[in-house]
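Trainee: Please take one helix of this protein and go through it closely. I would like to know what surrounds it and how the chain behaves on either side of it.

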Amino acid sequence: MVALTSTLVSLAGLLLSFGATQSFAFDNSRNDNLAVYWGQNSYGATHSDQANWQKSLATYCQDDTINAFPIAFLNVFFGAGGVPSIDLANICNVNDNSVFPGTQLANCQFLASDIKTCQSKGKIVTLSLGGATGAAGFSSDDQANQFADTLWNLFLGGSSSTRPFGDAVLDGIDLDIEGGSTAHFTTFINRLRSHTNSASKQYYLTAAPQCPFPDAYLGSVINAVAFDAIYVQFYNNYCGLTNFNNPNSWNFADWDNWAKNTSPNKNVKIYIGAPASSSAAGSGYVDANTFGNIIQQTRSKYSSFGGVMMWDASQAYGNGRYDLAIKNCLTNGGGSVPTTTVAPPPTTTVPTTTSQPTTTSPPPTSGPGNCAGVNAWVNNVAYNSGDKVVYAGHLWTAKWWSYGDTPGGAAGDWTDNGACVAAKAGQLIKPHYESKSVPLELPVKTPAPAGTKSSRFFKV
């Protein structure tokens, strides 16, 4: 009898433990999820106070606020040695950290423990491809298939001797393609799905198109293959959060209709993508109270609503835990998804675009200190004379061809045009895209001695 009682107690304990684990597991079907990008130190790109620069990934996993972390970015698909290149700003990069022999792939294996810590708390950690500046694309279906195999082996459930995050297995892939061609991306996704669908682990596929519908770059891709969630960037465009009350601009209805009538996955979730502070994007930031009202109104009308995407973790923490304030808005009335009927396609007077994101005004001209629409400096991208970048809150212009030399550094490759001037209130920004690539003929760089790491990314 004692033995039986002991066995029942042990079984009950196991069931409780299993239930607790399940209750904290990521649930893509919910409508109160918060996804926050990490890896680019966006705060550091616009602020000089290093105390608030990006911290380790585990720092942002200490509470239940954030549910998903897309690591940004894998910004070069085919770099030196034919393998990808990643740059995680002040955390891990090819200048401050070692690289795998014959490549420009940074060895960030010290991040394995952080990744596994976040996963143990029921959060998913994915890898975001592309970014506003990056060499991301394919020349053929064969190359797309090859890249899918490479990602599977380097970051997901496969195996390789050059795994940048060691034995940590990421939870999926995010596409943030903001320039160039998306030819062969459908082949890439289908090949990636062939790997993930046969695995015992749950993997997620997400994309981050801009809000003009259909998206100029990812529109055809998300129409053709199934995604689990779409992180729509409702900023830097006419359809941003600041125009929520303008029915000719705010277009969540278009995305909801797409989710229900066009997406191959009719259970796909649509997230409202937002800047985590006024310095995180050219336009589109709203205060937490305003955003909370937008969340409640949108969620009550559209069953595809899945939560909020935020750019980025460093900006959210630097803005008084904006992430926590928005999470509180999400959990107030969120959770299970209401059952709704599919509405007919909405009518809108906003013109669609097939080549470039649409704005209601022309993009500002970059001048001294005017950083609107200018990309951040990236250390594994080559720049030509006259190229402009944002670095450490300043606008810089390349004097000549430059690769891997920090603006303001000893090489003297860049002219400092002055501190960035904030965009005027209500100014509509058209993102600026660069088509850059890693110059493969260069010898592999020897990492610089450890020192103050840099901050270089400003997502537009």
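Mentor: Of the 460 residues in the protein, 56% are buried. The model is a predicted one. The protein has 10 helices and 14 strands. Among contacts with a separation of 6 or more, 73% are between residues 24 or more positions apart.

The helix to look at is H5, residues 185-196. H5 has 12 residues, and from first C-alpha to last it reaches 16 Å, close to the 16 Å expected at 1.5 Å a residue. Its buried residues are Phe185, Phe188, Ile189, Leu192, Arg193, His195 and Thr196. These residues lie on the same side of H5 because they cover an arc of only 155° around the axis. The general background is that an α-helix has 3.6 residues a turn, so residues three or four places apart point the same way.

What lies over that side comes from several parts of the chain. The cover of the buried residues of H5 includes the strands E4 (124-131), E5 (172-177) and E6 (204-207). Helices H4 (141-154) and H6 (219-224) are also included in that cover.

The buried side of H5 also takes part in lining a cavity. The structure holds 4 cavities of 30 Å³ or more, and the second largest has about 70 Å³ of space. Leu192, Arg193 and Thr196 are among the residues that line this second largest cavity, and each of these three is also one of the buried residues of H5. The rest of the lining is Leu156, Gly172, Ile173, Tyr203, Tyr204 and Leu205. E5, H5 and E6 are the elements that give two or more residues to this lining. With 3 residues, H5 provides the largest share. By class, the lining of the second largest cavity has 6 nonpolar, 2 polar and 1 charged residues.

Next, the loops on either side. His184 is in the loop between E5 and H5. The phi of His184 is positive, about 75°, although His184 is not a glycine. His184 counts as partly exposed because its relative accessible area is 27%, whereas Phe185 is among the buried residues of H5. Further along, the loop between E6 and H6 holds Pro214. The peptide bond that joins Phe213 and Pro214 is cis, with omega about -5°. E6 and H6 are both part of what covers the buried residues of H5.

Two other places in the model can be set beside these. Asn41, in the loop between strand E1 (33-36) and helix H2 (42-46), is a residue other than glycine with a positive phi, near 50°. Asn41 counts as buried because its relative accessibility is 0%. A cis peptide bond is also found from Trp311 to Asp312, where omega is near -15°. Asp312 is in the loop between E9 and helix H9 (313-318).

Strand E9 (residues 305-311) contains Met310, which is buried, with a relative accessible area of 0%. Not counting residues up to four places away in sequence, Met310 touches Leu34, Ala35, Val36, Tyr37, Ala274, Ala276, Ala316, Tyr322, Asp323 and Ile326. One of these, Ala276, is 34 residues from Met310 in sequence and 5.8 Å from Met310 in space, C-alpha to C-alpha.

Notes
Residues numbered from 1 in each chain as written. Predicted model: local features only at pLDDT ≥ 70, side-chain atom pairs only at ≥ 80, totals over all residues. Heavy atoms only, no water. Helix = DSSP H or I, 4+ residues; strand = E, 2+ residues; numbered from the N terminus. Expected span 1.5 Å × (residues − 1). Buried < 20%, exposed > 50% of the residue type's maximum accessible area, 1.4 Å probe, protein only. Arc of directions from axis to C-beta. Contact = heavy atoms within 4.5 Å. 1 Å grid on protein atoms, 1.4 Å probe; cavity = no way out; pocket = protein on both sides within 12 Å on 5 of 7 lines; lining within 4 Å. Points joined across faces, edges and corners; volume = space filled by probe spheres on them. Nonpolar A, V, L, I, M, F, W, Y, C, P; charged D, E, K, R; others polar.
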